[in-house]
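Colleague: I am new to reading structures, and I would like a close look at one helix and the loop that leads into it. Could you walk me through that part?

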Amino acid sequence: MEYIRLGNSGLKVSRVCQGMMSFGDPALLDWFVPEETAEVIVRRAAEGGVTFFDTADMYSTGGSEVITGNVLRRVFPRREDYVLATKVFFPMGDGQNDRGLSRKHIMAAIDASLERLGTDYVDLYQIHRWDDETPIEETMEALHDLVRSGKVRYLGASSMRAWQFAKAQHAAEVNGWTKFVSMQNHYNLLYREEEREMLPLCRDQGVGVIPWGPLDRGVLARPAAAGARTTRSANDGRIPAAYESADNREILDRLVQLSAERELPPAQVALAWLLHQPGLTAPIVGATKEAQVDDAVAAVDVVLTDKEAAFLAEPYQARELEA
């Protein structure tokens, strides 16, 4: 495993992040992974050198944070041995202030997350989305106060427009507040719209990039499986759609071809393509099986040539930005 600074910060993270979104009660969704299985996965990740773990308060309505905290305490001997990230924004109750990025909700949400996680601080606290109803100055000052309080070590953001991210960073800078050190955005071989503005902005400003969905909900791990159904695809209509466009089909065909030439699983090649991109810190891989962890860890050592990376990327056609 390799380790790298998260953006311009001093925080070191593994080049693969284990995403915890799938950890929860299977009674809620068939593809959720219960705690005992989650521990097997996290132990495998830790054995491979993974030290970076990402969750959110809204995953399984807090259930993921509970499982994450329980498992990490059992797997790692010290709290200092891993980097723990969580997020705030989405509704966590029926009240008008149980959502968003107001000072009131942020202050309540961090305390609730810390209790579920069973820790007194998180390493990376991220805003899960942009809040149109709250002035960004209110949000950034509240987040800064969390850093000053010791409940949060670093701040990150996720999935927004580049102008919004720039506005948030500017508000922090002019007021002497803590700035974001990372951007968690959607980025993979089948969705590259972040290359328009967000990724250049992050490279210019020294912001770490930790993309979610690096395998596009498993599609890039199964590029030849058009029409095949999994437990996840039965509950996520966007998975079958990923096989439908001509350019996506061509990308998937090329992934199959290059994987065969390199004698590597497609998941490793798709992740290696991401790691090949300049400024990218660590893809967040939502592994739910030990073999998926192994592929993610192995991908760190797969080095693609510029020609191979371009071969995979060439068929891509620009599409509408995600909401």
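Modeller: Here is a short walk along helix H3, from the loop before it to the residue after it. Keep in mind that this is a predicted model.

Let's start at Ser-102, in the loop that joins strand S5 (83-88) to helix H3 (103-117). Ser-102 has a relative accessible area of 14%, and because the cut-off for buried is under 20%, Ser-102 counts as buried. A polar atom of the Ser-102 side chain lies 3.0 Å from the backbone nitrogen of His-105. Leaving aside neighbours within four places in sequence, Ser-102 also touches Asp-131, Thr-134 and Glu-138.

Now step onto the helix itself. H3 has 15 residues, and at 1.5 Å a residue they should span 21 Å; the end C-alpha atoms are 21 Å apart, so the two values agree.

Next, try looking down the axis. The buried residues of H3 are His-105, Ile-106, Ala-109, Ile-110, Ser-113, Leu-114 and Leu-117. They fall within an arc of 155°, so they line one face of the helix. On the other side, Lys-104 and Glu-115 are exposed.

What covers that buried face? The cover over the buried residues of H3 includes helix H2 (63-75), strand S5, strand S6 (122-127), helix H4 (136-149) and strand S7 (152-158). As a general point, nonpolar side chains tend to be buried together in soluble globular proteins.

Finally, look just past the end of the helix: Gly-118 follows H3, and its phi is positive, near 70°.

Definitions and conventions: Residues numbered from 1 in each chain as written. Predicted model: local features only at pLDDT ≥ 70, side-chain atom pairs only at ≥ 80, totals over all residues. Heavy atoms only, no water. Helix = DSSP H or I, 4+ residues; strand = E, 2+ residues; numbered from the N terminus. Buried < 20%, exposed > 50% of the residue type's maximum accessible area, 1.4 Å probe, protein only. Polar contact = N/O pair within 3.5 Å; in protein donor to acceptor, adjacent residues only side chain to side chain. Contact = heavy atoms within 4.5 Å. Expected span 1.5 Å × (residues − 1). Arc of directions from axis to C-beta.
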